[in-house]
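Student: I am new to this structure and would like a close look at a single part. Could you walk me through one helix and what surrounds it?

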Amino acid sequence: MHFSSVIVSPILLLQFCIRTLCNLWSSVFLNVRRPSDDSTILPDGKAEQTATVPTSVNYHFTRKCNYKCGFCFHTAKTSFVLPLEEAKRGLELLKDAGMEKINFSGGEPFLHEKGDFLGKLVQFCKQDLQLPSVSIVSNGSMIQERWFQKYGDYLDILAISCDSFNEDTNQLIGRAQGKKSHIENLYKIRGWCARYKVAFKINTVVNTFNVDEDMQENINKLDPVRWKVFQCLLIDGENAGEEALREAERFVIRDLQFQDFLERHSSVTCLVPESNEKMRNSYLILDEYMRFLDCREGRKDPSKSILDVGVREAILFSGFDEKMFLRRGGKYVWSKADMKLEW
């Protein structure tokens, strides 16, 4: 090309520059407005990135309970329980979305159909879905040895809630049914877990009635794989507020009191602490309708049911903080096959 041809074609050069700028602007505009193939459009028109994988899910399939713990933040606001096949369908949807661990809770999960409904779900998750970890949180009052005989092989972890090793304190908290000894039952279940090769765990809620207690001796005797220690938490509409079934304000402790409790038990190697900050948004919680519950505003705002819209859409409204989930140790060795326990 001759030098003179460039000189005599400034209009062509200008047109080329304009087209280049237009194409560049169009590309930027489309990238801002158009979500990727893995994105979801929210109701307000914003693009949300790929939904969180539901690695660990807590399914509160019933709200009914035979205890009356004053600080309970998942209360008996309904008596609804999904039909067994619908619950299984939802669990299969969660497995297909990436679930590795399911935890069944309540209410009291052994209350419905005397634990048989729960047992069938546990068996389905381990045998049919081949989940690495299946666990239960229970108050322990309804568990019978025959349940372990039938379903124990399919259960990785059983967590029993125990807030005090003083029976009078348990009565004050509401962690009791009549005159039955919660502590004696705890030790009995510990023995069954060892006999039927189920990893044993203890959950404790630190509150005004047990904050000064020293539990080291009993925890060491029971030797759980994990001792989960929670700070009493207020949830509007559950244990606080005008429409709540519980009034937990009198159970609430200060952060410093919680830290003092933790320091007193610092020699207990299996202790896993969870302050209000760590706990509030770091759990994927499904209610009795299989809706994810968002606790970011201090209450439980439900998504649509995964049975209606699928896991991918529902989980966008869960309020789940995955970083906090990992920070609090939410991912751990949770399959009993990997724990190398001496039964």
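Tutor: Happily; here is a walk along helix H7, followed by its salt bridge and some others.

First, a word on the model: it is predicted, so local features need pLDDT of at least 70 and side-chain atom pairs count only at pLDDT 80 or more, while totals for chains, interfaces and linings use all residues. Residues are numbered from 1 along each chain as its sequence is written, and side-chain values use heavy atoms, with hydrogens and water left out.

Helices (H or I, at least four residues) and strands (E, at least two) are DSSP runs, numbered from the N terminus. Helix H7 covers residues 182-195, and its 14 residues should span 20 Å at 1.5 Å a residue, which agrees with its end C-alpha atoms being 20 Å apart. The expected span is 1.5 Å times one less than the number of residues.

Now look at which side chains are hidden. Buried means under 20% relative accessible area, exposed over 50%, and partly exposed in between (1.4 Å probe, protein chains only). In H7, the buried residues are His182, Ile183, Asn185, Leu186, Ile189, Trp192 and Cys193. An α-helix has 3.6 residues a turn, so residues three or four places apart point the same way. The cover over the buried residues of H7 includes helices H5 (145-151), H6 (167-173) and H8 (216-222), along with strands S6 (157-161) and S7 (199-206). After H7 comes lysine 197, with a positive phi near 60°.

H7 also takes part in a salt bridge, meaning a side-chain nitrogen of Lys or Arg within 4 Å of a carboxyl oxygen of Asp or Glu. Here the side chains of arginine 195 and glutamate 145 meet at 2.6 Å, N to O. Since arginine 195 lies in H7 and glutamate 145 in H5, the pair ties together parts that are 50 residues apart in sequence. Arginine 195 is exposed, at 55% relative accessible area, and glutamate 145 is partly exposed, at 23%.

By this rule, the count comes to 16 salt bridges. One of them joins lysine 126 and aspartate 156 at 2.7 Å, N to O. This pair links distant parts of the chain, with lysine 126 in helix H4 and aspartate 156 in the loop between H5 and S6, 30 residues apart. Lysine 126 is buried, with a relative accessible area of 18%, and aspartate 156 is buried with 1%.

Terms used
Contact = heavy atoms within 4.5 Å.
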